[in-house]
Amino acid sequence: MPTALLRGGAAALLALTLAACGSTSTPAGTPAPQQSLTLAAQAVASPVALTAGQTLQLNVTVNGQPAQPGQLKWTTSNATVATVTQTGLVTAVSAGSATIRAALATNAASFIDFPVTVTAASAPAPAPAPTTPSTFAQQVLDLTNAARAVPRTCGATSHAAAPALTWNAQLAQAAQGHAADMAAQNYFSHTSKDGRTFAQRITAAGYTPYRTIGENIAAGQTTPQAVVDGWLRSEGHCRNIMNPAFKELGVGYAYAGTSTYKHYWVQNFGAR
């Protein structure tokens, strides 16, 4: 997939009592306060803080007894921030605020609200910058430079031979980090699971300021020769390889036996 600049969960338990005049949040494993009350008023629970991707089981007791199936109706004020099932399981979706409400199915005016604040998940720590290329990375660099050394047609576009690329540790850091992330999280995209673009990954690795950058990715090929051959047969990837504006290259490779494609490859191109 060429380009030219071109969510993980934790679980918690919260027990609350739906009451006529108020509500008390109780840590998991602690009995909820026993109250025998007429459920005719409204209540607000203590605020809940979650990180995107986390889940939280909310348990509400009615007059000191666990709520029975169908006794409560659960709703969210903002499903783009947090969703809730009819059993009270909250899933944090994205950064923002939402209110989760548990209301009596027979009396919507009697409810308890859970204010929820969701923060974005932290970006994974960047992989250490390799000062020298690994064996596979060196082979990809060599094969890429061999391809650039001769004129080539990429799709309908003819390219003259281009100067050899030099290894760059920061581009390699960004490439290796993305290859490892795709392998570990079993996806294939120029956009990371946390929403970062390849430009953001390259900048985070310290390759800045730059004049131009690009990225090639591939998955499933078992050797450097196979992956470079595949890129050269694809017009957009081939154009990146032959682009004379690029001066430096970083290569990433990762393997995960339980992932869909097992082998993941990344080329990050740049010039400063």
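Leaving aside its neighbours within four places in sequence, Trp 74 is in contact with eleven residues named here in order: Leu 58, Val 60, Val 84, Thr 85, Gln 86, Thr 87, Gly 88, Ile 100, Arg 101, Ala 102 and Phe 114. The model in which these contacts appear is a predicted one.

Trp 74 also belongs to the largest nonpolar core, which has 22 residues. Along with Val 90, Ile 100 and Phe 114, Trp 74 is listed among the residues with the most contacts inside that core. The elements that each give two or more residues to this core are strands β4 (48–51), β5 (55–62), β7 (72–76), β8 (82–84), β9 (89–92), β10 (96–104) and β11 (107–119). Another core, of 21 residues, lies apart from it and includes Leu 165, Val 227, Leu 232 and Met 242. In soluble globular proteins, nonpolar side chains tend to be buried together.

Arg 101, one of the contacts of Trp 74, has a further partner. Its charged end sits over the ring of Phe 111, 3.5 Å from the ring centre.

The aromatic rings come next. A pair of such rings is described by the distance of the centres and the angle of the planes. Counted with a limit of 6.5 Å between ring centres, the structure has 7 aromatic pairs. One of them joins Phe 246 and Phe 269: the centres are 5.1 Å apart and the planes stand at 20°, so the pair is stacked. Phe 246 lies in the loop between α5 (235–242) and β16 (248–255), while Phe 269 is in strand β17 (residues 263–271), so the pair ties together parts 23 residues apart in sequence. Phe 246 and Phe 269 are both buried.

Tyr 253 and Trp 265 make a tilted pair, with 4.4 Å from centre to centre and 45° between the planes. Tyr 253 is in strand β16 and Trp 265 in strand β17, 12 residues apart, and the pair links these distant parts of the chain. Trp 265 has a relative accessible area of 0% and is therefore buried. Together with Phe 136, Tyr 253 and Trp 265 form one aromatic cluster.

Gln 200 offers another setting. It is placed in helix α3 (residues 198–204), and its relative accessibility of 43% makes it partly exposed. Gln 200 and Ala 174 are 26 residues apart in sequence, and their C-alpha atoms are 9.3 Å apart in space.

For the protein as a whole, the secondary structure comes to 5 helices and 17 strands. Of its 272 residues, 40% count as buried. The exposed area is about 12700 Å², of which carbon and sulfur atoms supply 57%.

Note on methods
Residues numbered from 1 in each chain as written. Predicted model: local features only at pLDDT ≥ 70, side-chain atom pairs only at ≥ 80, totals over all residues. Heavy atoms only, no water. Phe/Tyr/Trp six-rings, centres within 6.5 Å; stacked < 30°, edge-to-face > 60°. Helix = DSSP H or I, 4+ residues; strand = E, 2+ residues; numbered from the N terminus. Buried < 20%, exposed > 50% of the residue type's maximum accessible area, 1.4 Å probe, protein only. Lys NZ or Arg CZ within 6 Å of the ring centre and 35° of its normal. Areas by Shrake-Rupley, 256 points an atom, 1.4 Å probe, with all protein chains shown as cover. Core = buried A, V, L, I, M, F, W, Y, C linked by side-chain atoms within 4.5 Å. Contact = heavy atoms within 4.5 Å.
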